[in-house]
Structures are given as structure tokens and as C-alpha cells.
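This report goes through selected local features of one model, taking cysteines, charged pairs, a bent helix and two single residues in turn. The sequence and the structure are shown below for reference.

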Amino acid sequence: MAGTLGASHLVSGGARVLSRLATYLSFVRFSHSVFALPFALTGALLAVHQRPLTLADARWRVIWIVVAMVAARSAAMAFNRLVDAKWDAHNPRTAMRELPRGAMSRGEAVAFIVASSVVFVAAAYALGPVCFLLSPLALVIVFWYSLAKRYTTYTQLFLALAMAVAPVGGWLAAGGPAGAIEPWLLGAAIGTWVGGFDILYACQDLDFDRAAGLKSIPVRFGVRQSLLLSRVMHVIAVACLAALAAVTDLGAFYLVGVAVVAALLVYEQSLVNEHDLSQVKRAFDLNGYVGILYFAATALSIYVR
């Protein structure tokens with residue numbers, strides 16, 4: 001009997017742990033790591049293509065890059081959820097997030113932010129002095145986005161800046177020179193891509209943001225002009241990706257990958273118009289494929305000739 005009760009408590013305890021883990025993963029939308037992580041790895045891949053590393057060195061750098069990216073993004077998302085909790089509670093679209101519905105406490109959120117930030121700085125330290133010295137600046141940039149809506153119309157452009165840091169960080173982490181143009185082109189591409197789809201996403205909160213006194217590009221310019229800006233930004237993103245082929249020796253696989261990314265973005269934009277925002281979530285989810293496809297195309301162009 002005692003053994004049965006012990007096993008029952010063990011199973012119950014394991015279930016509680018898994019439940020809390022699922023809550024934390026949902027809290028930071030862990031699955032959305034696919035947006036920036038492939039671009040950070042692409043930045044590293046391009047750096048290694050120029051300055052090859054030993055297999056052992058490349059392996060541990062990839063591990064620390066993944067740790068740094070996941071930790072930084074988790075800290076930034078948790079900070080966003082914490083500082084926006086009072087607005088999320090009154091927005092029907094966000095009222096069931098973990099803090100508004102009481103699935104997590106503010107204390108747990110703060111502890112998670114601190115822990116994720118410490119892990120990020122530690123990973124940056126492991127990647128070298130340049131990454132370590134820049135790590136506080138990177139955290140300031142990714143945290144500022146969550147506060148920007150209180151002060152500036154151009155909130156979505158600050159998210160673009162925060163995401164543009166990823167490939168530059170990956171490049172530096174793999175030993176690439178700071179003066180090279182490749183990471184900056186890649187940073188411009190991911191920045192305009194993310195900024196473009198964040199404008200689409202923000203359109204669905206236009207009425208709530210106006211009522212709450214929050215600022216955004218849709219609040220300032222309306223849906224029609226915001227969608228136009230989103231489309232222009234996505235054109236710039238594709239142009240930057242294509243321009244990267246002109247400054248490197250990437251071949252046909254790469255250009256095919258850029259064409260597929262362009263087609264995905266065209267389809268994404270076709271799902272949304274000023275009179276119908278019902279497909280914004282569907283359009284947003286398509287972006288999960290962009291980074292993965294782009295990384296795969298870049299890797300193929302480098303290693304398959």
C-alpha cells in the first residue's frame with residue numbers, strides 16, 4: 001500500500017512539474033523562438049563560411065548561440081507580459097494570458113526574467129569578450145520594445161531593431177569581423193521582415209490601443225497606410241536577402257530560398273486587407289516557416305555545390 005501511495009505521489013508530482021513547465025513555455029510563447037533563432041544561426045554560418053572553425057569549436061559555439069538566443073527572447077517576452085499585464089487583462093484578445101488569468105504570479109514573472117537574463121549574459125560570456133560586453137546593450141534593446149508603446153508611434157520599428165540584433169550577434173559569436181557588411185544586411189532583412197508582420201499583428205488591436213492611450217503605427221496612420229508600410233518593409237526585407245548574394249559567393253540554392261521566402265511573404269500579405277483582419281493570426285503563423293526555410297537554403301548553398 002505504501003509503495004502504491006508513493007508511486008501515486010511521484011506521478012502526481014511529475015504531472016504538476018510538467019504542468020508548470022507548460023505554463024512557463026506558454027508564458028513566453030517558446031515556439032516563437034523559430035522567428036529569430038534561424039537568423040542568428042545563419043549569421044554564424046556565414047561567419048564560419050568566411051573563417052572556418054574546427055568542428056569542436058563550431059559545435060560549442062552553436063550550443064551557446066542557441067542558449068543565448070532562447071534566453072534573451074524568453075527574458076524579453078516575459079518582460080513584455082509583465083509590463084503589459086494590466087492592459088492584457090482588459091483586452092479580450094489577451095485576457096487569458098498567464099498573468100491576467102492568475103496562472104502565474106508577478107513574482108514568478110520577475111524571477112523568470114532575472115534568471116533568463118543571467119543565462120543570456122553567461123552564454124554571451126562563453127562566446128567571447130565582445131559578445132559579453134555587448135550583452136547588456138542587447139538586453140536594453142529587447143526590453144525597450146515593451147515600453148515603447150507608451151511613448152512613441154513607431155513601436156513596431158523598435159521590435160524590428162530588437163530582432164535585427166540576432167544575426168549580428170550570431171555573426172560576432174562565430175568570430176566574424178564587426179566591419180563586414182553581411183551581418184548588417186541580414187540584420188536589415190530580419191528587422192524589416194519582423195517589423196512588417198508586427199504591423200499586421202498590431203492592426204487587430206487598433207481600437208483597444210486607441211481607447212487605452214497606447215501608441216503604434218496603426219494607431220497613428222490607420223489600417224490602410226499601415227498595411228502599405230508593412231508591404232514596403234517586406235519588399236525591403238527580400239531585397240536585403242537578395243543583396244546578400246551579391247556580396248558573398250552563395251549560389252543557386254540561396255536564390256531559390258529567397259524566392260520561396262518572397263512567395264511566402266506575398267501570400268501572407270494577401271491574407272490581410274483593410275476591410276478584413278480576420279486572417280491576421282493565420283498570416284502571422286506563416287512567419288514561423290520563413291526563418292527555417294531561409295536557414296536551410298543558406299546552408300545548402302554553402303555546403304552543397
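## Cysteines and disulfides

A disulfide is counted here as a pair of cysteine sulfur atoms within 2.5 Å. In this predicted model, a search of the whole structure on that criterion finds 0 disulfides. Two of the cysteines can nevertheless be described by their surroundings: C203 is buried, with a relative accessible area of 3%, and C240 also counts as buried, at 12% relative accessibility.

## Salt bridges

The search of the whole structure for salt bridges finds 8. One of them joins the side chains of D84 and K149, with a distance of 2.8 Å from N to O. Because D84 belongs to the loop between helix 3 (55-83) and helix 4 (85-88), while K149 belongs to the loop between helix 6 (129-148) and helix 7 (155-173), this pair ties together parts that are 65 residues apart in sequence. Both partners fall under the 20% limit for burial, since D84 has a relative accessible area of 4% and K149 one of 17%.

A further salt bridge links R97 with D88, whose closest N and O atoms are 3.3 Å apart, and in this pair R97 and D88 are both buried. E98 and R101 form another, with 3.7 Å between the closest N and O atoms. The two residues of that pair differ in their exposure, for E98 counts as buried at 2% relative accessibility, whereas R101 is partly exposed, with a relative accessible area of 44%. Elsewhere, salt bridges that share partners bring D84, K149 and R150 into one network.

## The bend in helix 10

Helix 10 comprises 31 residues, from 217 to 247, and yet the C-alpha atoms at its ends are only 33 Å apart, which falls short of the 45 Å that a straight helix would reach at 1.5 Å a residue. Where is the kink in helix 10 centred? The kink is centred on V223, and its angle is about 105 degrees.

The N-terminal end of helix 10 is capped by S216, which places a side-chain oxygen 3.1 Å from the backbone nitrogen of V219. One of the cysteines described above, C240, is buried at 12% relative accessibility, and its number lies within the range 217-247 of helix 10.

## S135 in helix 6

Helix 6 contains S135, a residue that is buried, with a relative accessible area of 1%. A polar atom of the S135 side chain lies 2.6 Å from the backbone oxygen of F132. When residues up to four places away in sequence are not counted, S135 touches F120, V121 and A124.

## R282 in helix 12

R282 is part of helix 12, which covers residues 280-303. Is R282 buried or partly exposed? With a relative accessible area of 43%, R282 is partly exposed, because that value lies between the 20% limit for burial and the 50% limit for exposure.

Once its neighbours within four places in sequence are left aside, R282 is in contact with Y267 and L271. Of these two, L271 is 11 residues away from R282 along the chain, and the C-alpha atoms of the two residues are separated by 8.0 Å.

Technical notes: Residues are numbered from 1 along each chain as its sequence is written. This is a predicted model: local features need pLDDT of at least 70, side-chain atom pairs count only at pLDDT 80 or more; totals for chains, interfaces and linings use all residues. Side-chain values use heavy atoms; hydrogens and water are left out. Helices (H or I, at least four residues) and strands (E, at least two) are DSSP runs, numbered from the N terminus. The expected span of a helix is 1.5 Å times one less than its number of residues. The bend at a residue is the angle between axes fitted to the seven residues ending there and the seven starting there. A polar contact is a pair of N or O atoms within 3.5 Å; within protein, one must be able to donate a hydrogen and the other to accept it, and residues adjacent in sequence count only if both atoms are side-chain atoms. Buried means under 20% relative accessible area, exposed over 50%, partly exposed in between (1.4 Å probe, protein chains only). Contact means heavy atoms within 4.5 Å. A salt bridge is a side-chain nitrogen of Lys or Arg within 4 Å of a carboxyl oxygen of Asp or Glu.
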